[in-house]
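Reader: I'm new to this one, could you walk me through it?
Author: Gladly, let's put it up and take your questions in turn.
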Protein chains: 2
Amino acid sequence: MDKKTVLIVDDEKNIRILLKDFLEREGFSVLEAQDGRQALELFNEKCEELNLVLLDVMLPELDGWTVCREIRKLSKVPIVMLTARSEDFDEVHGLEIGADDYVKKPVKPTTLVARINALFRRIEPDESKTVMSYDGLEIDDSSHVVKIDCQEIALSPKEYTLLVLLVENKGKVISREQLLNQVWGYNYYGGLRTVDTHINRLRMKLGSKGEAINTIRGFGYKFEG
Amino acid sequence: MDKKTVLIVDDEKNIRILLKDFLEREGFSVLEAQDGRQALELFNEKCEELNLVLLDVMLPELDGWTVCREIRKLSKVPIVMLTARSEDFDEVHGLEIGADDYVKKPVKPTTLVARINALFRRIEPDESKTVMSYDGLEIDDSSHVVKIDCQEIALSPKEYTLLVLLVENKGKVISREQLLNQVWGYNYYGGLRTVDTHINRLRMKLGSKGEAINTIRGFGYKFEG
DNA sequence: TATAATGTTTACAAAACTGTAACAAAACTT
DNA sequence: AAGTTTTGTTACAGTTTTGTAAACATTATA
């Protein structure tokens with residue numbers, strides 16, 4: 001998987017910096033433009049290597065709408081439009097003139113990246129993955145692979161199901177009854193202590209990451225502190 | 001461009017009706033489900049003809065997250081997740097487990113349709129690949145020929161179908177139920193162990209390449225590690 | 001601090017799962 | 001119609017997984 005290049009077009013410098021930093025940390029390569037004219041120039045020049053354009057709607061000189069339409073004429077590069085003021089938030093129009101997503105500012109970088117990845121996943125279906133991750137723990141449910149620091153570990157069916165449930169509800173306490181219902185089935189008849197045993201086995205196999213499974217005395221278990 | 005089929009999954013009847021009416025007026029064909037279990041059943045049955053799933057997060061029985069993950073395991077059908085309550089609005093998680101868009105209710109039908117169209121615009125008409133290959137294994141679906149290191153091998157119909165399904169979903173775990181549904185037909189009534197037997201026969205015929213078929217204890221089989 | 005309540009760990013037998021072989025029914029060929 | 005191939009089921013064995021109980025540890029409570 002090669003590095004993706006993103007062009008950020010925004011007239012506010014702090015926003016460009018914020019997004020650029022975050023995207024680079026996520027492994028993207030980033031170009032910047034501060035107005036529509038510059039954006040189009042850069043686009044013409046680097047068209048081939050661009051994978052995505054992050055386009056603000058309010059721009060000096062040439063507005064985002066126009067830039068979006070121009071780019072669409074030339075290329076199929078995905079475009080995400082950003083908008084700040086609610087009166088500019090004509091989502092339907094934005095999508096109709098060729099944007100692939102349309103997002104209201106302020107946008108959390110994590111969210112933005114998640115949306116960008118979802119977009120890429122669509123375009124290059126080979127890399128489609130459904131991963132949950134936390135710290136160095138990675139769960140790909142479609143391939144059923146659990147990794148700790150990129151090292152695959154083997155879990156039994158119950159352990160796996162339990163882990164997925166915990167991670168999925170990370171931050172929330174889940175009672176033993178709930179765990180029994182979800183993992184063992186709602187008409188399962190068995191002792192609650194069984195859950196403890198499995199939690200224990202899971203913790204062992206997760207090694208240091210096992211500490212992310214917290215005991216909430218009297219209530220149940222919770223993933224993450 | 002033929003008519004697109006959308007599956008609406010929501011437990012609120014008025015929302016289903018509202019969306020259904022609107023989508024049908026826009027030229028879509030619509031199916032409905034009111035809970036997660038029903039959604040998955042419908043999905044298994046109509047998998048082939050579906051183009052999009054509109055999935056509410058809050059559902060009785062099986063929640064939207066689970067449904068989304070299940071669908072993702074087997075298919076590349078786009079999924080749009082809807083959510084009503086803000087505490088359920090974990091956009092990043094939704095997108096990570098395979099949703100293509102994630103929208104907060106109440107959503108204007110016009111907006112929704114614009115987003116759906118933007119999604120479809122991205123998806124290229126899949127040139128139905130006829131040749132699949134993995135390592136020294138080559139499957140030409142148009143001529144029905146399977147080769148190992150350029151050496152043609154003979155597979156029975158069931159073995160062939162099974163292999164194609166596995167290879168098409170390489171890297172993904174497929175449950176015995178799913179294999180039965182896809183290979184033997186949706187309303188086939190027969191034991192799950194039958195799948196094991198055929199997997200076994202397939203492995204034999206594939207020789208060393210047979211090792212690419214992995215057993216995922218408690219869940220099913222997966223092609224490739 | 002003593003006691004009760006709750007959670008953790010260990011050990012082991014029971015249960016569940018899978019691979020394989022054998023067999024008979026069904027489908028297909030000739 | 002006889003022979004061949006494909007198919008579904010069952011049974012058995014080896015292995016892994018699982019549930020339970022009991023001992024052990026920890027935390028709360030009086």
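Reader: How far does a polar side-chain atom of B:His198 lie from a phosphate oxygen of DNA strand D?
Author: In this predicted model, the distance between that phosphate oxygen and the polar side-chain atom of B:His198 is 3.0 Å, and a polar contact here is a pair of N or O atoms within 3.5 Å, where pairs within protein need one atom able to donate a hydrogen and the other to accept it, and residues adjacent in sequence count only if both atoms are side-chain atoms.
Reader: And what about Thr194, how far is the side chain of A:Thr194 from a phosphate oxygen of the strand?
Author: For A:Thr194 the N or O atom of the side chain is 3.0 Å from a phosphate oxygen of DNA strand D, while for B:Thr194 the corresponding value is 2.8 Å.
Reader: How many residues surround DNA strand D?
Author: There are 25, with A:Trp184, A:His198 and B:Arg201 among the closest, where near means that a heavy atom of the residue lies within 4 Å. Of the strand's atoms that come within 4 Å of the protein, 66% belong to sugar and phosphate.
Reader: Which helix gives the most to that surface?
Author: H8(B) does, with five residues, counting helices as DSSP runs (H or I, at least four residues) numbered from the N terminus.
Reader: Switching topic, what about numbering and cut-offs?
Author: Residues are numbered from 1 along each chain, and chains are lettered from A and ligands numbered from 1 in the order written. Local features need pLDDT of at least 70, side-chain atom pairs need 80 or more, totals for chains, interfaces and linings use all residues, and side-chain values use heavy atoms, leaving out hydrogens and water.

Technical notes. Helix = DSSP H or I, 4+ residues; strand = E, 2+ residues; numbered from the N terminus.
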